[in-house]
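Please open the model in a viewer with the secondary structure displayed. The tour proceeds by selection, from one element to the next.

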Amino acid sequence: MNKHIKKVAIVGSGIMGSGIACHFANIGVEVLLLDIVPRELNDKEKAKGLSLDDNVVRNRLVNESLTKALKSKPSPIYHQKFASRITTGNLEDDIAKIADVDWIIEVVVERLDIKKIVFENIEKHRKPGTLITSNTSGIPIQFMSEGRSDDFQKHFCGTHFFNPARYLKLFEIIPGPKTSPEVLSFLNSYGEQYLGKTSVIAKDTPAFIGNRIGIFSIQSLFHVVKKMGMTVEEVDKLTGPVIGRPKSATFRTVDVVGLDTLVHVANGIHDNCKNDERIALFELPDFIHTMVENKWLGSKSGQGFYKKTKGKDGKTEILTLDLDTMDYRTKKRASFATLELTKSIDNVIDRFPVLVNGKDKAGEFYRKSFGALFAYVSHRIPEITDDLYKIDDAMKAGFGWEHGPFQIWDAIGLEKGLELIKAEGLAVADWVTNMKAPSFYSVKDGASYGYDIPKKTMEKIPGQDAFIILDNIRKSKEVFKNSGVVIEDIGDGILNVEFQSKMNTIGGDVLAGLNKGIDLAEKDFQGLVVGNQAANFSVGANIGMIFMMAVEQEYDELNMAVKMFQDTMMRMRYSSIPTVSAPHGMCLGGGCELSLHADKVVAAAETYIGLVEFGIGVIPGGGGSKEFALRASDTFRKNDVELNVLQEYFLNIGMAKASTSAYEAFDMGVLQKGKDIVVVNKDRQIATAKAHAKLMAEAGYTQPVKRKDVKVLGKQALGMFLVGTDAMEASKYISEHDHKIANKLAYVMAGGDLSEPTLVSEQYLLDLEREAFLSLCTERKTLERIQHTLKTGKPLRN
């Protein structure tokens with residue numbers, strides 16, 4: 001199906017509708033967002049003397065919804081200017097405009113009768129061949145298109161986005177009775193390649209895949225909690241990051257989503273899945289009924305399982321609901337011996353065997369929870385899908401699980417999983433007991449294989465040819481390894497340096513690995529990518545190492561360490577092979593400096609990048625301060641107001657700015673238009689980075705000549721900066737130590753106190769930068785900030 005999506009129409013502008021509209025705008029698609037016309041004036045409209053015929057009134061609902069979405073945090077849009085791609089209208093005056101779109105998505109209230117009225121109206125104006133889909137989260141697709149034309153039904157199916165549409169990757173595609181296979185194939189590819197989603201084709205069953213398994217998991221926990229007498233804090237401690245789930249874990253997630261939403265889906269499953277062997281689990285426990293009656297629905301009502309209050313001292317306090325007394329109380333600390341055993345295990349997947357063998361309440365909780373989950377997912381095949389990997393994909397992409405149920409089962413072991421199921425008095429589906437393989441997954445030649453139930457063999461999972469999965473090639477393609485990095489041969493003459501340190505911090509071992517990667521690439525390969533598939537690219541330099549050297553007053557060693565960092569960044573830029581950085585997630589401090597010095601950056605759209613060193617009391621010391629002075633100098637040639645340009649770069653460092661998307665990083669000067677690119681699907685990032693490294697090599701890459709033409713403004717700029725920082729401190733906007741850091745940065749970016757604008761080398765600026773960095777490391781206030789950051793993960797203002 002050769003179709004190009006240039007314009008979409010979103011019918012319904014609520015939270016989901018506006019979120020979906022914003023995400024299409026994110027990827028460059030023109031959007032028409034429509035909603036109903038208000039039936040009465042509000043007070044403001046009455047005061048202005050407006051009537052129901054005025055356009056501003058008729059579009060009030062859609063405009064208010066979109067405005068609210070654009071102001072929400074986290075933002076649904078990569079860059080505020082992208083909102084200009086969205087045009088608003090109403091379903092009476094503007095419905096005819098849908099004749100010009102390529103795809104219509106219905107996102108109205110979850111009532112079949114209303115949806116059918118909307119579809120009837122849409123068909124009057126829709127041109128044949130236009131895609132038409134519903135974002136329903138559970139209404140059977142087969143009922144929605146009844147009575148519609150053959151062309152409508154051929155191009156109709158469910159496309160279920162998860163909220164928030166920008167951040168959650170699951171994109172469920174649910175065929176109707178007459179949906180064309182070509183339409184399904186197109187949407188599957190489009191979701192992955194353009195929307196950056198994990199596309200999963202599901203069967204038309206209640207709650208589809210993600211919500212069916214996700215709501216079961218939560219409902220199962222609700223019942224286990226009461227049986228085991230566990231607290232809200234204990235469950236959230238056990239179901240969060242320790243098992244690769246979001247920090248919000250279980251109860252905080254329900255508060256954010258809304259208890260009413262969960263109850264609605266759970267009731268839908270209970271009422272429509274009469275043959276579900278665990279249907280009793282979808283009955284709501286008494287404490288949930290009480291919460292619904294009291295309207296304790298979570299964040300939207302101000303209280304749920306948690307409640308934010310202010311104490312007598314005016315400080316905010318988070319109270320927790322006691323599930324026995326149904327009263328709110330002070331939060332209790334939850335701790336378990338079993339969790340202590342996992343603290344030394346960095347890889348989440350390796351923790352599961354330890355967790356299910358725990359001897360305390362945590363071990364019992366995990367055995368019960370996983371036993372129930374394994375049994376349940378085994379029985380959902382072939383009901384909700386024929387492929388077990390789709391269940392795992394849905395849970396990872398829709399609920400933020402690092403590993404899906406079958407992956408966890410593999411980690412625990414097939415036989416151990418069966419033992420947990422039996423201990424709970426449950427039965428596993430026959431296909432599991434009849435399996436002709438020792439596990440659900442395997443890896444062969446760098447590709448992932450999953451167990452195919454009808455064939456009873458391991459089959460290659462489709463859709464991965466566009467990806468490079470580092471987990472699958474790390475062992476077989478390893479070229480070099482130390483405690484900080486693994487260097488892999490990713491094919492076609494390109495190497496990849498993958499950070500392996502905690503939080504991917506950059507210390508001596510990582511720097512040694514980067515240098516080794518460049519050495520190897522210059523000798524036997526054509527290019528180098530620096531990329532990984534952890535949660536974050538890098539949170540920066542190893543500040544623990546800096547702290548220890550500074551405390552021990554080992555300033556010569558610290559000077560050498562900073563010099564090595566700077567020299568390594570310069571090698572990223574000045575080597576005989578092209579270097580490509582592939583940042584994603586948090587890319588802060590040293591991680592940002594590395595990207596600044598690569599020949600090209602292939603950034604994931606969800607990249608939060610910036611030079612944030614001010615937060616720990618220093619300036620960027622790995623080439624970042626130098627690089628911003630250089631980039632300002634390059635901009636001087638295009639802009640006559642040189643001081644203003646330099647000030648913008650200075651403020652980006654001084655305010656420790658980090659982008660909230662890769663697109664914002666272009667505004668900050670961190671990414672460069674015409675050189676760096678953004679990919680929406682992070683799974684494609686390493687392969688895309690490799691392709692660009694190869695392209696540069698084949699185009700005849702030549703080692704750049706080191707720069708000696710960086711224009712610095714000297715005393716002219718330094719004076720401006722010092723006056724500004726003095727005023728900021730005098731007005732109490734910054735602390736005395738902030739003032740000192742800012743003045744050090746000013747000296748570096750001005751090029752020192754030169755009497756007139758001068759052309760200098762990069763090395764000149766690097767030496768100034770390193771001197772300033774080292775001098776700040778001798779300050780007590782800096783050490784206090786670093787120590788506080790190491791303890792809390794948050795910066796200290798002192």
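Begin with the open sheet of this predicted model. The sheet comprises eight strands in the order S3-S2-S1-S4-S5-S6-S7-S8, and the pairing is mixed. Select residues 86-90 and then 198-201: these are strands S3 and S8, the edge strands, each of which pairs on one side only. From one strand to the next, the twist averages 25 degrees.

Next, select residues 103-106 together with residues 131-134. These are strands S4 and S5, which pair in the parallel sense over four bridges. Which residue of S5 is the bridge partner of Ile104? The partner is Ile132.

Now turn to the helices, adding residues 15-26 to the selection. This is helix H1, which lies across strands S1 (7-11), S2 (30-35), S3, S4 and S6 (156-161). Relative to S2, helix H1 runs at about 170 degrees. Then select residues 181-193, helix H8, which also packs on the sheet. Helix H8 touches S4, S5, S6, S7 (170-175) and S8, and its direction makes about 155 degrees with that of S8.

Finally, move to residues 306-310 and 316-321. Here strands S9 and S10 pair in the antiparallel sense over five bridges. Select Lys308 and look for its bridge partner in S10, which is Ile318. The two strands form a hairpin with five residues between them. Within this hairpin, display the backbone of Gly314, which takes a positive phi near 85 degrees.

How values were computed: Residues are numbered from 1 along each chain as its sequence is written. This is a predicted model: local features need pLDDT of at least 70, side-chain atom pairs count only at pLDDT 80 or more; totals for chains, interfaces and linings use all residues. Side-chain values use heavy atoms; hydrogens and water are left out. Two strands pair if DSSP finds at least two bridges between them. Axes are lines fitted to C-alpha atoms, for helices over the stretch in contact, and angles run from 0 to 180 degrees between N-to-C directions. Contact means heavy atoms within 4.5 Å.
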